[in-house]
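Visitor: Could you take me through the salt bridges of this protein, looking closely at the partners, how far apart they sit and how exposed they are?

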Amino acid sequence: MTTDQEQPMDSQTATPVFAAKGIDVTPNKDQGVIKVVKRQGLDGERPMIGDRVTIHYTGKLLTGKKFDCSRDRKESFSFNVGKGQVLKAWDIGVLSMQKGEVCTLLCKPEYAYGTVGNPDKIPPSSSVLFEMELLRFEGQMLTDDGGIVRRIKVKGEGYTNPNDGAMVDVHLEGSCGGRLFDCRDVRFTVSEAEDKGVPLGVDRAMDKMQKGECCLLYLKPKYGFGSKGKPEYKIGPDKDLVYEVTLKDFERAKESWEMDLHEKLILAAEVKHKGNHYFKGARYYQAIIQYQRIVFWLEMECGTDLEQQKRIQDFVLTAHLNLALSFLRLKEFSLVVENCNKVMELDECNEKALYRRGKARLLRNEFSLAMADFQQVLQVNSLNRAARVQIAICQSRMKEYHEHDKKIYANMFQKFAERDAKNGKMKRRRDDSMRGSMNGEVGIKRRRSQDCPS
């Protein structure tokens with residue numbers, strides 16, 4: 001389909017021209033954004049609210065004058081669609097497109113630059129044209145490792161979200177490999193969803209959702225049922241999951257600033273118990289969430305007397321120690337060291353912190369640092385047999401690495417020597433060849449001089 005957009009127009013003539021050839025994509029059908037497809041996209045799904053979309057675009061006035069173009073800059077443009085990050089017309093128009101589609105959007109001022117316009121580029125109250133190409137789109141990553149990806153089917157209402165400790169009412173539909181295995185209404189406490197058989201990934205997505213929102217969550221095994229799977233759902237180990245989640249209602253928990261110290265200390269004891277319960281069940285990510293809540297609540301608190309201050313310090317210190325142990329189980333060695341360092345800011349000779357930091361450093365092949373930690377453990381407690389064992393392991397590993405390095409360097413030097421010897425032989429051959437060639441030329445010249453008249 002083509003339009004007359006290359007010809008100068010005004011808003012009065014542009015709207016009927018586009019309306020005759022295109023479709024009104026505005027929700028309330030007020031002809032604020034009319035789309036004309038120039039090239040059909042690939043059959044399949046369209047972007048959903050919150051998706052990360054990548055486009056090329058060219059913006060023109062109705063006179064045909066170009067005011068912006070991503071292709072001129074030789075770089076595409078990306079944004080999260082439907083989140084108000086761009087012009088309203090873009091959010092509406094892109095949500096109607098398919099991958100590979102090229103279209104032209106006629107946009108009224110209220111969906112574009114409004115009554116103000118854009119200084120030096122767009123006059124006030126101007127309708128504009130955009131040619132758009134949707135290059136690709138993907139769901140919104142909720143975690144740095146890409147383990148939870150969200151795609152919003154129905155946008156929620158309001159601006160508040162559930163927080164840790166909030167009570168939520170949700171409808172869940174879980175599937176694996178296209179097979180529906182879970183369909184129910186469930187009520188749970190955010191950060192404790194595991195207790196109701198709800199995966200960690202669903203729990204962690206709650207604080208991004210709004211009441212009434214319906215979204216799809218794509219969960220990697222780490223945020224699903226992990227390496228154990230879920231036999232009752234007939235789900236094997238390390239399976240990707242898809243959950244459709246509708247947040248029907250929620251009641252927020254008190255924020256830290258809304259609680260007094262007495263409340264925080266009571267809650268800290270409960271949360272510590274919950275974290276230890278998760279840890280003993282090898283549900284380390286869930287345990288980490290609980291221990292982090294304690295740190296968040298109490299790290300900056302000061303007691304009114306020495307006894308209360310000691311209680312605060314004990315909770316924070318224990319939380320960091322438990323975090324270090326949980327991260328050690330998950331092989332997150334940098335976070336082990338970080339939490340042990342936090343402990344030693346409170347208690348520089350803490351035996352457990354020194355030992356756990358030493359273990360993390362050993363597993364990172366930082367043998368000298370690990371050895372120093374284990375030796376410090378023995379200074380604190382000379383009867384710590386585990387530290388002596390770790391020192392012996394450090395010494396053994398250091399010896400192995402030194403032997404390994406010696407072999408590597410010996411082989412390296414041997415190869416260098418062989419290469420130098422080979423290069424030397426080749427050089428000698430070239431030199432001999434050149435000398436032979438020069439001698440031959442001298443002999444020829446002498447014979448010629450003898451055959452010539454004097």
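Guide: In this predicted model, K230 and E232 form a salt bridge in which the closest N and O atoms are 3.6 Å apart. The two partners fall into opposite classes of accessibility, because K230, with a relative accessible area of 17%, is below the 20% limit and counts as buried, whereas E232, at 56% relative accessibility, is over the 50% limit and counts as exposed.

A second pair, K153 and E244, also forms a salt bridge, here with 3.1 Å between the closest N and O atoms. K153 belongs to strand 9 (residues 148-154) and E244 to strand 13 (residues 241-251), so this salt bridge ties together parts that lie 91 residues apart in sequence. As for its surroundings, K153 is partly exposed, its relative accessibility being 42%.

The pair R397 and E400 is found within one helix, since both residues lie in helix 11 (residues 385-451), three residues apart, and are therefore separated by about one helical turn. Their salt bridge has its closest N and O atoms 3.9 Å apart, which falls within the 4 Å cut-off for such a contact. Both side chains are partly exposed, R397 at 27% relative accessibility and E400 with a relative accessible area of 46%. Elsewhere, R39, R71 and E133 are joined into one network by salt bridges that share partners.

These examples come from a wider set, as a search of the whole structure finds 31 salt bridges.

Key. Residues numbered from 1 in each chain as written. Predicted model: local features only at pLDDT ≥ 70, side-chain atom pairs only at ≥ 80, totals over all residues. Heavy atoms only, no water. Salt bridge = Lys/Arg side-chain N within 4 Å of Asp/Glu carboxyl O. Helix = DSSP H or I, 4+ residues; strand = E, 2+ residues; numbered from the N terminus. Buried < 20%, exposed > 50% of the residue type's maximum accessible area, 1.4 Å probe, protein only.
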